[in-house]
Amino acid sequence: MTLQQLYAALLIGGLVLLFSIVGTRVATRVGFPALLFFLLVGVLLGEDVLGLDFDNAELARNVGTAALAVILVEGGLTTRFGDIRSMLAPAAALATVGVVISTVVTAVGAHVLLRMDWQLAFLLGAIVSSTDAAAVFSVLRLIPLPRRVAGLLEAESGFNDAPAVILVLTFSVVPFVFEPETAVAVIAYELIAGVVIGLVCGFVGAVLIRRVALPASGLYPILIFGLGMVAFASAGTAHASGFLAAYLAAVVLANAGLPHRSATRSFAEGLGWLAQIGLFVILGLLINPSELLPDVVPAIVIGLVLLFVARPISVVVSLVAFRIPWREQLFLSCAGLRGAVPIVLTTFPIVAGVPDSYRLLNIVFVLVVVFTLIQGPSLRPVARGLGLISRETTREIQVEAAPLDVLDAELLTMTVAPDSRLHNVTVLELRLPDPSVITLIIRDEHTFVPLPDTRIESGDELLIVTTSKTRAAAERRLRAVSRRGKLAYWFGEYGEAH
């Protein structure tokens with residue numbers, strides 16, 4: 001490559017990046033999923049539209065694998081262990097038993113309804129069996145779900161990429177020979193070794209960071225993120241699950257009380273967006289729209305099997321041993337979002353030379369586009385209809401404020417519902433646990449600092465500063481008073497999440 005070619009490549013890449021970022025704002029405002037917008041950019045750049053010829057499935061696989069590792073590290077660094085602690089067991093069940101059940105049910109549907117041979121059918125089932133981390137993380141930032149439901153979805157999407165990848169690699173062998181005993185042993189080794197490597201990298205990294213004084217604060221986010229990638233690469237080198245190791249290492253590092261937490265989360269979020277843009281654009285380049293028409297109906301058929309049969313059965317069976325309310329199980333069945341992961345996984349059998357595997361790429365592409373357009377916007381109404389969006393739910397606000405990070409403080413916002421018993425309660429009567437405090441009230445588009453005798457009114461938006469240790473207690477107190485008024489404790493109401 002000459003210097004001029006390098007300049008041209010950087011110019012094109014920079015323009016695509018800028019267009020994608022600016023277009024994200026427009027797409028979000030009109031309700032179009034940002035991730036699909038990036039995919040559309042790649043399709044527009046491709047051979048059928050603007051003429052950029054790209055058919056290197058191996059390069060797409062390698063770039064996609066690295067990008068997924070970045071996305072999982074970002075997801076781990078923005079995950080609070082307190083949110084997923086109680087959900088680890090059911091999330092592990094969904095990520096293992098659920099993935100296997102979803103794979104089998106979808107494969108049977110593909111074999112019976114589409115007349116696919118068993119290898120392609122099982123490949124298709126494994127490819128679409130896992131929820132997509134990027135899609136789930138982006139949706140959870142917009143919907144104020146109960147913390148246990150959000151935590152379960154976060155943990156499942158962080159864990160289930162590993163079993164899906166293992167299954168896809170197992171079914172991508174040419175010639176296809178399936179030995180159940182060997183497959184079970186390989187899956188067990190990869191998952192267990194991935195867990196061990198991820199936890200070791202996370203805990204050892206946390207100890208080292210506490211003992212190292214870096215010359216610039218901006219190096220800490222790079223170091224922490226780098227440790228997550230080291231966990232991914234180390235596990236891959238040991239033929240273990242790199243995705244699982246990367247996510248677990250990032251979760252450990254994010255919850256180890258390390259310095260510059262807010263800066264690290266912002267840095268990780270930026271890299272996560274960059275990885276998503278690059279990943280979807282490259283995957284879009286692989287697609288030729290002129291070849292999609294014959295696979296539209298098969299994609300919709302498999303999508304319906306997945307949405308209405310495979311996913312619900314996998315959720316019910318996986319959670320049968322846990323006390324998960326039926327409403328939450330129903331929402332989990334609807335929230336099995338698919339995104340970049342299935343499209344990346346289709347490149348594995350293509351590179352391995354599985355016959356007719358290019359057809360899987362077209363089917364999965366159409367499935368992801370159609371069902372993301374349907375599922376994504378519908379999740380908020382579904383959650384509201386099932387009563388999962390609580391009116392007294394607080395939401396965290398991400399701010400670039402070093403004092404909050406130094407004090408281990410958090411900024412929350414809560415809107416007082418019309419029928420909330422918080423109405424007419426004074427700030428003093430609310431008695432939030434020390435050191436939590438209402439710092440601002442937004443009322444009728446006017447903002448003011450409340451006094452102890454200021455009465456809260458319906459429709460007020462409260463900005464609350466609290467600490468990580470007292471956040472849960474503050475949220476319980478807000479829920480209790482919202483339900484039963486300032487004498488909530490006298491009525492036995494302690495604000496437990498329903």
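Helix α16, spanning residues 340–352 of this predicted model, is mostly covered, with 11 of its 13 residues buried. The buried stretch comprises Ala-340, Val-341, Pro-342, Ile-343, Val-344, Leu-345, Thr-346, Thr-347, Phe-348, Pro-349 and Ile-350. These buried residues pack against several other helices, namely α2 (34–45), α3 (57–77), α6 (118–127), α9 (161–171), α13 (261–286) and α17 (358–385). Just after α16, Gly-353 adopts a positive phi of about 85 degrees.

Aromatic contacts form a second theme, and a search of the whole structure finds seven aromatic pairs. Two of them are set out here.

| Pair | Geometry | Centre to centre | Angle between planes |
|---|---|---|---|
| Phe-38 and Trp-273 | edge-to-face | 6.2 Å | 90 degrees |
| Phe-225 and Phe-267 | edge-to-face | 6.1 Å | 85 degrees |

Because Phe-38 belongs to helix α2 and Trp-273 to helix α13, their pair ties together parts that are 235 residues apart in sequence. Phe-38 counts as buried, at 0% relative accessibility, whereas Trp-273 is partly exposed, with a relative accessible area of 30%. The pair of Phe-225 and Phe-267 likewise links distant parts of the chain, with Phe-225 in helix α11 (residues 219–237) and Phe-267 in helix α13, 42 residues apart. Here Phe-225 is buried, its relative accessible area being 6%, while Phe-267 is partly exposed at 31%.

Elsewhere, Trp-118, Phe-122 and Phe-171 form one aromatic cluster. A ring also takes part in a contact with a charge, since the charged end of Arg-477 sits over the ring of Tyr-489, 4.7 Å from its centre.

Terms used
Residues are numbered from 1 along each chain as its sequence is written. This is a predicted model: local features need pLDDT of at least 70, side-chain atom pairs count only at pLDDT 80 or more; totals for chains, interfaces and linings use all residues. Side-chain values use heavy atoms; hydrogens and water are left out. Buried means under 20% relative accessible area, exposed over 50%, partly exposed in between (1.4 Å probe, protein chains only). Helices (H or I, at least four residues) and strands (E, at least two) are DSSP runs, numbered from the N terminus. Contact means heavy atoms within 4.5 Å. Rings of Phe, Tyr and Trp (its six-membered ring) pair if their centres lie within 6.5 Å; planes under 30 degrees apart count as stacked, over 60 as edge-to-face and the rest as tilted. A charge sits over a ring if NZ of Lys or CZ of Arg is within 6 Å of the ring centre and within 35 degrees of the ring normal.
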